[in-house]
Amino acid sequence: MGPGRRVAIAALLHRLNGGLNNAALAFELALSTGDSAVDDCGQTLERGRAGVEQASRAATLLALMLDPDAAAPSSSSRDPYAQDVAEILRAHARRIGCDAASDPDVASLNGMDTARADTVEALLTALLNGLGALESRRRSASEPQRTT
Amino acid sequence: MPNALVVDDDPSTRLLLSNLLERRGFSIRTAGSLAEARQNMDPPPDICMVDLQLPDGEGTELMRGGLADRADFVVVTGHATVESSVEAMRQGAVDYLKKPLTSSALDRLLARFGRSVRTGEQAARRTPAIVGESPEIKRLQQTLARIGPTDATVLIIGESGTGKELIAARLHELSPRARGRYLALNCGAVSPNLIESELFGHEKGSFTGASRQHAGYFERAHGGTLFLDEITEMPLDLQVRLLRVLESRRVSRVGSSETIPVNVRVIAATNRDPQEAVHQRKLREDLLYRLQVVPIEVPPLRKRAGDVRVLAQHFLSDLNRASKDPKSFSESMLARLEQHYWPGNVRELFNVVQRAYIMTTGRVISDPGPLQGPGWSPATGRESPLTVRLGDSLCDVEQRLILHTVRHCRTQDEAARMLGISTKTLYNKLRLYESQRRTADANARFSDTRPPDSRWT
């Protein structure tokens, strides 16, 4: 398994769990809100729904990664997936100490591939390529510098 | 109001956790990374809920550098492992919670660490209001509104049960330190052997039983307010140390020569006459002058005209709300309450109302039950005797006797009768004492020549 794929699985599982955890907490909060706080309850329910959707998208990407024959969502639902992919790439770049803002290579990994991808399958490819490139960068940064 | 810091990189999780804690009466700060959290640690929160995995490191890193001593850290994670939980506890976390976090898990945690678990209506309410319509209480409320937002050290003087701690908490809430901690220590309730380490902290091994480093009240109240109740019960040698801390704004733990800067507003309280306590060698005079930058005298209930009725109705409303079994007072009950002398003040009144509420089976409460000392009245009641030492001047003894008597009488006429002098003479003497006190205060302030930037901030 390539390094990009390994990191992608961990990141998607993290988002899947995070979304479900948020949904569970949001629904518990919403159910315990009294009648006097209907607006508050509505907002909390909305956060719960967003958590479920985040988990669902992460599960879809995981399924596509593990089973290429799995049915992909239509291109019309591409935007939230693109946002997820961009967030995962940004978070991983930050975690390994790559500054996406000042490093043109990292910026291109984060942005261009994702922007060009017009289907969810293409977004998944961009995610794997991006994470693979970031992992290569991390490994080369951690190797001792050779002097000639 | 307790304060919580929520550290999580997921904005939704931050919001939901904040919501959960807000419903339990916490004020909230949030951070999305370790760096942001470090910027939000001053003043230290009461409780810090930190995610294990953060963009710039592990949440446990936040506990290093002594921060675990200043706040209760709870690690919250969706990836719980035995190793990470052991590491979190080793770093000083008080608990380790697995996501999804539930209300009941949070309540169990808060209850275990003595945090108030408040929900719904209670969460929105802060310190109970200072209830009353008498001119005395109105004046007190105005004073609080004026000095609350300042950083002045305050000495609250009042009999037991008058609500000194309530006033201290209110001063904290009105101050810019309201987001910081409010800690209260009853100096009379802690063993003299322990009070030093409680106040100033101790290093590991500094005395038998000091098995770990301990941050004292001053360190933990950094950025907030420290209320020292029954200040006259603090041993005199510790009063010297307290004075030094107040002056230098630095504290050293028992067993350490290193001093730690602290930024704490101190509010002290006593149920004794401070001057009398100085005469009895219970309170150092220099500490008294340092503490009473602003003295607040809380009137006893018997001097708050009309407030017995108002407070009794207020307590009854609270009880009615809580039990859904509404009751009311008969007019004769209220009249009896108004006639009582209330040596235990508001606390005694609350207890009487609560007892009468429980004991009454019908809808109307008409019997207050036994009130303290049947037939007790100012004329027959005797408070603690004045101590007069050989060498005290006659003038001084006279002043103390007069002030003591006035404090324990409903009116100046009554005090004059008890003292065997005319009301006019009493009035003139009181005016003289007041003018002497103002002159002494002004002199004390004038002699304090430190530059303004060295004061408590």
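**Close-up views of a predicted two-chain model**

**View 1. An open, parallel sheet of chain B.** Five strands of chain B pair in parallel to form an open sheet, and their order across the sheet is 9-10-13-8-14. The edges are held by strand 9 (182-186) and strand 14 (294-297) of chain B, each of which has a single partner strand, so one side of each is left without a neighbour in the sheet. From one strand to the next, the twist averages 20 degrees. Within this sheet, strand 8 (residues 154-157) of chain B runs parallel to strand 13 (residues 265-270) of chain B, and four bridges join the two; one point at which to look for this pairing is Ile156(B), whose bridge partner in strand 13 of chain B is Ala269(B). As in every view described here, the structure is a predicted model. In general, the strands of a sheet pair through backbone hydrogen bonds, in either a parallel or an antiparallel manner.

**View 2. Strand 6 of chain B and the strands that pair with it.** Strand 6 (residues 72-77) of chain B is mostly covered, with six of its six residues buried. The burial extends to both faces of the strand, since Asp72(B), Val74(B) and Val76(B) are buried on one side, while Phe73(B), Val75(B) and Thr77(B) are buried on the other. Strand 3 (residues 47-51) of chain B runs parallel to strand 6 of chain B and is joined to it by five bridges, and strand 7 (residues 95-98) of chain B, also parallel to strand 6 of chain B, is joined to it by four bridges. Val75(B) can serve as a landmark for both pairings: Val50(B) stands opposite this residue of strand 6 of chain B, and Tyr96(B) is its bridge partner in strand 7 of chain B. For Val76(B), the bridge partner in strand 7 of chain B is Leu97(B). Strand 6 of chain B, helix 4 (residues 82-91) of chain B and strand 7 of chain B together make a right-handed β-α-β unit.

**View 3. The largest nonpolar core and a second, separate core.** The largest nonpolar core has 60 residues, of which Leu127(A), Val7(B), Cys48(B) and Met49(B) touch the most other members. Helix 1 of chain A provides the largest share of this core, namely 10 residues. When residues up to four places away in sequence are not counted, Cys48(B) touches Leu5(B), Val7(B), Ala71(B), Phe73(B) and Val74(B); of these, Phe73(B) and Val74(B) are buried on opposite sides of strand 6 of chain B. A second core, separate from the largest one, has 40 residues and includes Leu185(B), Cys187(B), Phe227(B) and Ala277(B). As a general background to both, nonpolar side chains in soluble globular proteins tend to be buried together.

**View 4. The contact between chain A and chain B.** In the contact between the two chains, 18 residues come from chain A and 15 residues from chain B. On the side of chain A that touches chain B, the elements that give two or more residues are helix 1 (3-32), helix 2 (38-66) and helix 3 (78-95) of chain A. Helix 1 of chain A gives the largest share of that side, 10 residues. By character, the residues on this side of chain A divide into six nonpolar, eight polar and four charged.

**View 5. The surroundings of Glu196(B).** Glu196(B) lies in helix 9 (residues 192-200) of chain B. This charged residue counts as buried because it has 21 C-beta neighbours inside 10 Å, where the cut-off for burial is 20 or more. Leaving aside its neighbours within four places in sequence, Glu196(B) is in contact with Leu238(B) and Val254(B). Gly216(B) is 20 residues apart from Glu196(B) in sequence, and their C-alpha atoms are 8.6 Å apart in space.

**View 6. The two chains as a setting for the close-ups.** Chain A has five helices and zero strands, and its pattern along the sequence is α-α-α-α-α. Of the 148 residues in chain A, 33% are buried, and residues 24 or more positions apart account for 68% of the contacts in this chain with a separation of 6 or more. The secondary structure of chain B comes to 19 helices and 16 strands. Of the 457 residues in chain B, 35% are buried, and among its contacts between residues at least 6 apart in sequence, 69% join residues at least 24 apart.

Note on methods. Residues numbered from 1 in each chain as written. Chains lettered and ligands numbered in written order. Predicted model: local features only at pLDDT ≥ 70, side-chain atom pairs only at ≥ 80, totals over all residues. Contact = placed C-beta atoms within 7 Å. Buried ≥ 20, exposed ≤ 12 C-beta atoms within 10 Å, placed from the backbone. Pairing = 2+ DSSP bridges. Right-handed = clockwise from strand over helix to strand, strands pointing away. Core = buried A, V, L, I, M, F, W, Y, C linked by C-beta atoms within 7 Å. Axes fitted to C-alpha atoms, helices over the stretch in contact; angles between N-to-C directions.
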